[in-house]
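Open the model in your viewer and keep the selection box handy. We will go stop by stop, picking something and then looking at what is there.

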Amino acid sequence: MLLKGSCHCRAVRFSLRSETPYPYMWCYCSICRKTAGGGGYAINIMGRKETLKVSGEKSLSVYRARPSSGQRFFCRKCGSALWVWDRRWPEWVYPFASAIDTKLPAPKERQHVMLDSKANWVAVPKGRNERRFREFSKEAIIEWHRKRGLLR
């Protein structure tokens, strides 16, 4: 699936191909909630690094949160969080679902990860299709899609 995204001020626009476009994993770690905002969590999806095309590169900046090895790309003009790249998995880019302009497929279930880092004011949805994890799930994004027959 071709994903197109942009920052709020539209100074940065990007596209990439994704086999795993379902925004199912909500991350509540302090890095995600403080850099991406939203409801106290961030949602990453995954795309192939070699397909990433960017316009407006002069407006890009990178934040390297510690202790993470990921590089968090954002627009230096409006502050929009755009994607994460991590040298541990150099073939992948993890765009924030909030930066994607393409209509994404709705997941039938969600995973709520890093709940030990969740802000106390955040209410995590409960229900049959809401799975909770104190830290990360052992299931990688590509495995989640594969097990559910959702690879594109």
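## Starting at Arg10

Select Arg10 to begin: this residue is partly exposed, with a relative accessible area of 38%. Keep in mind throughout that you are looking at a predicted model. Where along the chain does Arg10 sit? Show the ribbon and you will find Arg10 in the loop between strand E1 (2–6) and strand E2 (13–17). Now check the backbone torsions: Arg10 has a positive phi of about 70°, although it is not a glycine. For background, most residues other than glycine have a negative phi.

## Zooming out

Clear the selection and colour by secondary structure. The protein has 2 helices and 12 strands. Read from the N terminus, the elements run β-β-β-α-β-β-β-β-β-β-β-β-β-α. The radius of gyration is 15 Å, close to the 15 Å that the globule rule gives for 152 residues, so the protein is as compact as a globular protein of that length. If you draw the principal axes, the C-alpha trace spans about 45 × 35 × 30 Å along them.

Next, switch on the surface. The accessible surface of the protein comes to about 8,600 Å², and 49% of it belongs to carbon and sulfur atoms. Of the 152 residues, 47% count as buried. A contact map is worth a look too: among contacts between residues at least 6 apart in sequence, 58% join residues at least 24 apart.

Then colour by charge. There are 31 positive and 12 negative side chains. The centres of these two sets lie 6 Å apart.

## The sheet of five strands

Select E5, E10, E9, E8 and E7, which form an open sheet of 5 strands in the order E5-E10-E9-E8-E7, with antiparallel pairing. E5 and strand E7 (60–63) stand at the edges with a single partner strand each, so one side of each is left without a neighbour in the sheet. As a reminder, strands of a sheet pair through backbone hydrogen bonds.

Start from the E7 edge. E7 and strand E8 (residues 70–75) run antiparallel and are joined by 4 bridges. To find one pair by eye, pick Tyr63, which stands opposite Arg72 in E8.

Move on to strand E9 (residues 81–86), which pairs with E10 in the antiparallel sense over 2 bridges. Val84 has Tyr94 in E10 as its bridge partner. Follow the chain out of E9 and you pass through a hairpin, where 5 residues join E9 to E10.

Now show the side chains of strand E10 (residues 92–95). Which residues point one way from E10, and which the other? Trp92 and Tyr94 go one way, Val93 and Pro95 go the other way, and all are buried.

## Gly47, on the E5 edge

On the other side of E10 you meet strand E5 (residues 47–48), which pairs with E10 in the antiparallel sense over 2 bridges. Pick Gly47, which lies in E5 and stands opposite Val93 in E10. Is Gly47 buried or exposed? Gly47 is buried, with a relative accessible area of 1%.

To see what surrounds Gly47, display its contacts. Leaving out residues up to four places away in sequence, Gly47 touches Leu16, Arg17, Ser18, Glu91, Trp92, Val93 and Pro95. You can also draw a C-alpha to C-alpha distance from Gly47 to Ser15: the two are 9.4 Å apart in space and 32 residues apart in sequence.

## The sheet of four strands

Select E4, E3, E11 and E12 next. They make an open sheet of 4 strands in the order E4-E3-E11-E12, with mixed pairing. Strand E4 (42–43) and strand E12 (130–132) are the edge strands, each pairing on one side only.

Focus on strand E11 (residues 110–113), which pairs with E12 in the parallel sense over 3 bridges. One residue pair to label here is Arg110 with its bridge partner Glu130 in E12.

## Last stop: Met114

Finally, select Met114, in the loop between E11 and E12. What is phi of Met114 near? The value is near 60°, which is positive in a residue other than glycine. That recalls Arg10, with its positive phi of about 70°. Turn the surface back on to compare the two stops: Arg10 is partly exposed, whereas Met114 counts as buried at 16% relative accessibility.

Terms used. Residues are numbered from 1 along each chain as its sequence is written. This is a predicted model: local features need pLDDT of at least 70, side-chain atom pairs count only at pLDDT 80 or more; totals for chains, interfaces and linings use all residues. Side-chain values use heavy atoms; hydrogens and water are left out. The radius of gyration is taken over C-alpha atoms; the globule rule is 2.2 Å times the number of residues to the power 0.38. Buried means under 20% relative accessible area, exposed over 50%, partly exposed in between (1.4 Å probe, protein chains only). Contact means heavy atoms within 4.5 Å. Accessible areas come from the Shrake-Rupley method with a 1.4 Å probe; for residues, only the protein chains shown count as cover. Lys and Arg count as positive and Asp and Glu as negative; His and the chain ends are not counted. The place of a charge is taken as NZ of Lys, CZ of Arg, CG of Asp or CD of Glu. Two strands pair if DSSP finds at least two bridges between them.
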